[in-house]
Number of protein chains: 2
Amino acid sequence: MSVVRDLQLDTACPDTRALVEHVTSKWGVLVLLALEEGTQRWSELKRSIDGVSEKMLIQTLQTLEADQLVRRDALPVVPPHVEYSLTDGGREAAALLGPLMHWAQLRAQG
Amino acid sequence: MSVVRDLQLDTACPDTRALVEHVTSKWGVLVLLALEEGTQRWSELKRSIDGVSEKMLIQTLQTLEADQLVRRDALPVVPPHVEYSLTDGGREAAALLGPLMHWAQLRAQG
DNA sequence: CCGCATCCTATCGGATACTG
DNA sequence: CAGTATCCGATAGGATGCGG
């Protein structure tokens with residue numbers, strides 16, 4: 001009945017935990033909210049998200065893609081042209097993360 | 001204007017990031033949602049939150065207390081009797097985390 | 001009952017250099 | 001442009017044991 005009851009399941013359910021950790025990770029939340037505004041290329045994302053290393057950007061994108069929150073479209077041209085966008089699930093996640101980030105920002109910076 | 005603009009500030013603002021990491025941490029989210037139902041003693045929390053070690057429970061509580069999301073009340077009796085409850089800020093956090101956990105759970109377990 | 005101290009491991013995440 | 005590969009330090013988090 002209670003929220004806690006559900007959460008005890010969580011502790012026993014690594015999948016739920018993993019998903020939460022992915023979307024709330026340092027770069028995961030930034031990627032999701034950046035893509036919430038629309039499709040972006042890899043290099044655009046790298047510029048949008050200040051301070052992200054190539055390693056972490058790729059890694060984060062691959063994780064979120066595996067979670068089916070982000071879609072990757074690679075156009076077979078030279079030079080490579082790869083676009084990233086949110087799936088429906090990704091939009092759901094972003095919609096939940098936005099308020100959380102907003103709250104944290106208000107609280108941390110006054 | 002955009003959400004992303006705000007988030008770029010985030011990257012440069014460790015305080016916001018830290019707060020998000022605290023409330024979305026493995027045990028932080030469980031503590032906040034457990035306390036959302038009302039005041040609990042330390043030993044009750046330990047039993048409520050399945051699998052938490054003493055070290056992590058204490059550490060999580062101290063972090064959230066420092067963030068002013070959790071209040072600690074120690075009654076000067078023997079044996080010690082310590083109660084934990086949410087502050088207004090803690091209730092705000094819990095209200096944002098509930099939907100996120102619910103979403104993750106539905107998505108992870110179907 | 002409540003909490004601290006210590007040790008240990010795995011993972012996170014940054015820096016750097018290299019490829020098609 | 002869009003990655004891959006490798007090394008490295010810092011930290012999260014578990015196990016165990018002690019103390020008031």
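How far does a polar side-chain atom of B:Lys26 lie from a phosphate oxygen of DNA strand D? In this predicted model, the separation is 2.4 Å, a polar contact in the sense of a pair of N or O atoms within 3.5 Å. Local features require pLDDT of at least 70 and side-chain atom pairs pLDDT 80 or more, whereas totals for chains, interfaces and linings use all residues. Residues are numbered from 1 along each chain as written, chains are lettered from A and ligands numbered from 1 in written order, and side-chain values use heavy atoms, without hydrogens and water.

Two further polar contacts reach DNA strand D from chain A. A polar side-chain atom of A:Tyr84 is found 2.6 Å from a phosphate oxygen, and a polar backbone atom of A:Pro80 sits 3.1 Å from a sugar or linking oxygen. A:Tyr84 and B:Lys26 also belong, with A:Ile58, A:Arg72 and B:Lys55, to the residues that come nearest among the 18 around the strand; a residue is near when one of its heavy atoms lies within 4 Å. Sugar or phosphate accounts for 58% of the strand's atoms within 4 Å of the protein, and bases for the rest.

Which element gives the most to this surface? It is α5(A), with 4 residues; helices here are DSSP runs (H or I) of at least four residues, and strands (E) of at least two, numbered from the N terminus. At least two residues each come from α4 (42–48), α5 (54–66) and β3 (81–86) of chain A and from α5 (54–66) of chain B. By class, the surface holds 9 nonpolar, 3 polar and 6 charged residues, with Ala, Val, Leu, Ile, Met, Phe, Trp, Tyr, Cys and Pro as nonpolar, Asp, Glu, Lys and Arg as charged, and the others, Gly among them, as polar.

Note on methods:
Polar contact = N/O pair within 3.5 Å; in protein donor to acceptor, adjacent residues only side chain to side chain.
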